[in-house]
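The following paragraphs lead the reader through one protein, from its overall make-up to its sheet, its helices and some individual residues. Please keep the sequence and the structure in view while reading.

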Amino acid sequence: MGGGRLTPSEEEEIGKISSSADEFSQSSSVQSTTLLGDANLKMKVDQGTVVNRENVFVSGELGSDKTSPASRDYEVDQRRKSAVFMQVLQSYDQLSTRIGSLREAKNRISSYTPGAWIENIGAMKLNAYDVPKTTSLILVGPKGSGKSSLINKISKVFEDDKFASERAQVTYNSSVGDGTYFLQEYMIPRGSNSFCLYDTRSLVDNASDNVKMIRQWITYGVRHGELVIRKSDSSSLRNRMKCKARKDDCEASERRMVNFVIFVLNGLEVLKFMEGDGDAEQQYTQMIRATFSSPYLSFKDDKPVVVVTHGDMLSINDRARIRIYLGELLGIPPAKQIFDIPESCEPENELVIVDMLRYCLEHADRNLPRKISAKTKIIGLASESSTHLLTIIMILILLTLLKILQNHTCHASKSDSGVDWHSVRHIW
C-alpha cells in the first residue's frame, strides 16, 4: 500500500504513466514503451527491441512467428510487470477515495481481541486454538530502517493526544549511537492488552547472525527489557550492555510468543542499492533476501509484511519501483504485502498504517496453533514417562554392575582370584 497525499506534479506523473500503460494494453505492437525506471536510464537496442535495465517494456507482437521463444517469454514477463506496476500506482490513487473509512478502520483495530479474525476451518471453533492473551508483533530491520519511528507513528494513530511524547527512542543518525539492544514492548493502543509491538535489535550484514537472533525470538519468545547479545559482539560491548541491563525489570515482564513479523526497510537505502552494482550493493541485497527467507520468519509459509519508510523523500515513481523491486526480490505481492509508510502525518498515511496492522493481525490469527487434545497429551505423557522409567532402570543396572565389578576387583587384588562372572550374569 502507499501513503501520502499526492502533489500536483506527482498526479501529473501518474497520469502520464497511466496513459502510457493504456496505450500499451490497447496495441499489439508497442514501440519503445517505458513504464518502469526513469527516462534517463541507459537503454540498448537488441534486434529491434528496446531494453531498459529497470524493467522496460518491449516492442513487437506477442506470439509472432518472428519472435523467438525467449523473446516471447520476455514480453510476457514485461506485460506482467506492467500490470503489477499499474496495480501499485492505483493503490496510491485509491487512498484519497478511502479516507472516509479511516475512522471505522481505526475502530476495528482498537476493538481487536486475539483470535477475532481467526479462520474457522470446518467444525473448528475458537476454543480449539491456542489463543494468546496478547498478540505479539515484532519489527525487524537493518539499522536506520525506521523501526522505532514506525512504532511512534503507529502509537499516535490511536492516541487522542497528538502532542504526546514519543514512546520509542529514535536514533536520528544511524552512524552514531548504539541503537536498540534491549527488547522494548509497546501496547497498542496504550493501556490495552490486545496486541503489542516489539522494537528489536537491528540486523547486521551477516545474514547468519540475523537468523540466529531471530530464531531465538521465534523459538523462545520475547520479553520486555531483555538484552540481545550476539556472539560477534566485542567483550567491551558485552560488558557495557550488561552493566545497563536491569534484570529485575526483565524478569518481572511476561514472555510472549511471536505471532507475526513486520520487516522494515529504508526506501532511500533500497533505491541506492537498486541502482548500484558493486560488492556493497550485492551484499545488502543478499542479506535482505537471506534474512527475509529464513523459515523462522514465516508462519505456516506465511511470509512477513514489508514496510518501506522515508518515502516522502522520493517521487511516486521511485516509491512504486522500490515496491516492485522488493516484491521480485522477496517473492511477495508488492501491492498487497508491501506497505509504503512515509514520515508525514497525513490521513492517507494513517490509513496505510491501519491497513498494515489489519493484515498483520488477520494473519497472526490465521496461523494460531491448534490446541493439543487431552488424548494426545496423555499419550505423550505416557510415552515420556515410559522413556524416563526405562532410563532410570538402565542406570540402576549399570550402577549395580559397576559395584559388583568393583567388589570383585578388590577381592581379586587380595586373593589373586578371578571375578565371579556367574554373579554378574545372574544380575542380568
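Helices, of at least four residues, and strands, of at least two, are DSSP runs numbered from the N terminus. With these names in hand, Ile-332 can be placed in the loop between H10 and helix H11 (334–337). The model is a predicted one, and the discussion returns to Ile-332 after the main elements have been described.

The protein contains 14 helices and eight strands. Of its 428 residues, 46% count as buried. Its accessible surface amounts to about 23,200 Å², and carbon and sulfur atoms contribute 52% of that area. Among contacts with a separation of 6 or more, 71% join residues 24 or more positions apart.

The sheet offers a starting point. Strands of a sheet pair through backbone hydrogen bonds, either parallel or antiparallel. Here six strands form an open sheet in the order S4-S5-S3-S6-S7-S8, with mixed pairing. Strand S4 (184–188) and strand S8 (338–340) are the edge strands, each pairing on one side only. On average, neighbouring strands of this sheet are turned by 25° against each other, direction ignored.

Within that order, S6 stands between S3 and S7. Strand S3 (residues 135–140) pairs with S6 in the parallel sense over four bridges, and Leu-137 stands opposite Phe-260 in S6. On the other side, S6 and strand S7 (residues 305–309) are also parallel, over five bridges; here Ile-262 is opposite Val-305 in S7. S7 in turn runs parallel to S8, to which three bridges join it, and Val-307 has Phe-339 in S8 as its bridge partner.

How many residues of strand S6 (residues 260–266) are buried? Seven of the seven are, so the strand is largely enclosed by the rest of the structure. In a regular strand the side chains alternate between the two faces of the sheet. In S6, Phe-260, Ile-262, Val-264 and Asn-266 point one way, whereas Val-261, Phe-263 and Leu-265 point the other way, and all are buried. Helix H9 (residues 279–292) lies across S6 and S7 and runs at about 170° to S6.

Burial also marks one of the helices. Ten of the eleven residues of helix H4 (residues 147–157) are buried, so H4 is largely enclosed by the rest of the structure. The buried residues of H4 include Lys-147 and Lys-153 as well as Leu-150, Ile-151, Ile-154 and Val-157. Ser-148, Ser-149, Asn-152 and Ser-155 of H4 are buried too.

Two further helices illustrate packing. Two packed helices are described by the angle between their axes and the distance between the axes. For helix H3 (residues 102–110) and helix H12 (residues 347–366), the axes come within 10 Å and cross at roughly 35°, and the crossing is left-handed. Leu-102, Ala-105, Lys-106, Arg-108 and Ile-109 in H3 meet Pro-347, Glu-350, Leu-351, Val-354, Leu-357, Arg-358 and Leu-361 in H12. By class, this contact has eight nonpolar, no polar and four charged residues.

The loops hold some backbone details. Most residues other than glycine have a negative phi, and most peptide bonds are trans. The peptide bond from Ile-188 to Pro-189, however, is cis, with omega near -10°. Pro-189 is located in the loop between S4 and strand S5 (195–199).

Lys-300 and His-310 each have a positive phi. For Lys-300, which is not a glycine, phi is about 55°, and for His-310 it is near 65°. Lys-300 belongs to the loop between H9 and S7, and His-310 to the loop between S7 and helix H10 (316–330). Are these two residues buried or exposed? Lys-300 is exposed, with a relative accessible area of 57%, whereas His-310 counts as buried at 16% relative accessibility, because the cut-off for buried is under 20%.

It remains to return to Ile-332, in the loop between H10 and H11. At 5% relative accessibility, Ile-332 counts as buried. Which residues surround Ile-332, leaving aside its neighbours within four places in sequence? Ile-332 is in contact with Phe-292, Lys-303, Pro-304, Val-306, Gly-327, Gln-337 and Ile-338. Of these, Val-306 is 26 residues apart from Ile-332 in sequence, yet the two are 9.1 Å apart in space, C-alpha to C-alpha.

Terms used. Residues numbered from 1 in each chain as written. Predicted model: local features only at pLDDT ≥ 70, side-chain atom pairs only at ≥ 80, totals over all residues. Heavy atoms only, no water. Buried < 20%, exposed > 50% of the residue type's maximum accessible area, 1.4 Å probe, protein only. Pairing = 2+ DSSP bridges. Contact = heavy atoms within 4.5 Å. Areas by Shrake-Rupley, 256 points an atom, 1.4 Å probe, with all protein chains shown as cover. Axes fitted to C-alpha atoms, helices over the stretch in contact; angles between N-to-C directions. Left-handed = near helix turned anticlockwise from the far one by under 90°. Nonpolar A, V, L, I, M, F, W, Y, C, P; charged D, E, K, R; others polar.
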